[in-house]
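Hi,

Here's the structure I said I'd pass along. Have a look at it first, and my notes are underneath.

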Amino acid sequence: AVPWTSAELRARLVMASKSQQGRVHPLPTQDSCDEYVTASTSSAVMRSIRFKVTDSLSVHHPAIWKLLRSPVSSSICMPKRFLAASNELVAITIIVCWAITLAYDRHLILDHPARQIVGHFNPCFGWDYPPASYIGVMTAGLDVYLALRYANLESIRTQLLAKEGQRRWSEQFAIVTAYMHGAAAVLWLLLWTIGPPDDGMFSSWIARWVAHLSIFAVCVVCRYLCTLGNYLESRFGDASQRKRVQRRHTVFICIYGITTLILPILYYTDVLIYSVQGRTGLDPPLPWWILQLMDAVWMICLNLSNFFTVPEPPIQMIRKILLFNEVYCVEEKDELFHEIELG
């Protein structure tokens with residue numbers, strides 16, 4: 001038998017055979033997996049790994065870091081890790097862009113035109129102007145991939161969990177909201193077109209900021225609805241899914257939802273009152289600290305979503321080369337047999 005290292009075994013993760021003989025030797029535990037090497041009593045040695053799925057989704061490490069370290073050959077995929085990475089990317093981008101803008105010209109933040117209306121320092125002030133805006137646009141493009149990849153994997157898992165092909169309303173809602181988040185990630189790119197420094201698209205700068213704010217509001221709401229769909233899918237799923245839902249998950253989704261609902265309303269209130277009353281200069285209608293607090297709560301909810309969302313089962317992805325003009329046996333859900341014709 002050819003000896004394998006533990007790293008090679010993890011890369012070749014397979015389901016253990018139902019009928020095994022011999023003794024089981026445990027390997028060191030890694031993240032949420034209990035891995036084993038099974039040695040047969042016969043002369044031939046069958047090496048396989050038992051993968052134990054637990055509630056833990058490796059929340060002790062950033063999702064972006066886990067995705068970067070995942071081997072290409074890994075067959076285990078956790079869809080929620082892409083959603084968590086999308087949320088983390090927003091926070092990382094804001095921090096980096098603020099650092100760049102403060103170092104380049106802090107007055108781009110201190111004298112931001114929108115500050116006259118809202119009074120406080122919005123997180124987006126740091127990436128609205130070059131050179132930080134270049135970083136913002138590039139990371140927003142990466143976010144499109146993360147959001148659409150999550151939507152695709154969430155749809156696949158929901159289809160696999162569906163009983164007899166029939167999806168519950170909560171499962172359908174989860175799929176729709178996941179793709180809404182993907183579409184919103186594409187829409188998010190327009191934030192750097194409608195807003196500073198472009199002032200030629202609308203007759204007034206107030207109208208421009210209303211459009212800019214509308215894009216922000218749609219994207220923020222879609223991001224929350226994606227997380228809500230993830231929660232409802234488990235809350236109204238089968239017994240194995242419902243038992244994973246804890247009080248902390250419900251409390252979090254409520255706080256996150258209230259914050260997401262109130263935040264755009266406060267912004268619209270400031271913009272509309274400022275415009276109708278003909279205010280000028282730094283004169284926000286609402287106390288500045290209210291929006292500053294709500295922005296901070298929203299950012300916290302965004303980055304804690306990986307810790308306070310319901311655990312969901314991962315997907316095992318099977319990869320193999322399909323040769324031309326061959327007939328392959330597939331799962332019954334895929335009509336048992338397909339003739340693969342590639343041209």
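How many disulfides does a search of the whole structure find? Zero. Keep in mind that this is a predicted model.

Two of the cysteines show how that comes about. For C219, the closest cysteine sulfur belongs to C222, and at 6.7 Å it is too far away for a bond, since a disulfide needs the two sulfurs within 2.5 Å. C226 is in no disulfide either: its nearest cysteine sulfur is also that of C222, 9.3 Å away. Both are tucked out of reach by the accessibility numbers: C219 counts as buried at 5% relative accessibility, and C226 counts as buried at 1%.

Next, a pair of helices. The axes of α10 (residues 247-276) and α11 (residues 288-304) come within 9 Å and cross at roughly 145 degrees. That crossing is left-handed. On the α10 side, the residues in contact include F252, I255, Y256 and L263, and their partners in α11 include I290, M294, W298 and C301. Counting up the residues of this contact gives 15 nonpolar, two polar and two charged. D270 in α10 and D295 in α11 are among the contact residues too.

Last one: Q172. You'll find Q172 in helix α7 (residues 169-187). Is Q172 buried, exposed or partly exposed? Partly exposed, with a relative accessible area of 32%. Q159 sits 13 residues from Q172 along the chain, and their C-alpha atoms are separated by 9.6 Å.

Cheers

Note on methods:
Residues numbered from 1 in each chain as written. Predicted model: local features only at pLDDT ≥ 70, side-chain atom pairs only at ≥ 80, totals over all residues. Heavy atoms only, no water. Buried < 20%, exposed > 50% of the residue type's maximum accessible area, 1.4 Å probe, protein only. Axes fitted to C-alpha atoms, helices over the stretch in contact; angles between N-to-C directions. Helix = DSSP H or I, 4+ residues; strand = E, 2+ residues; numbered from the N terminus. Left-handed = near helix turned anticlockwise from the far one by under 90°. Contact = heavy atoms within 4.5 Å. Nonpolar A, V, L, I, M, F, W, Y, C, P; charged D, E, K, R; others polar.
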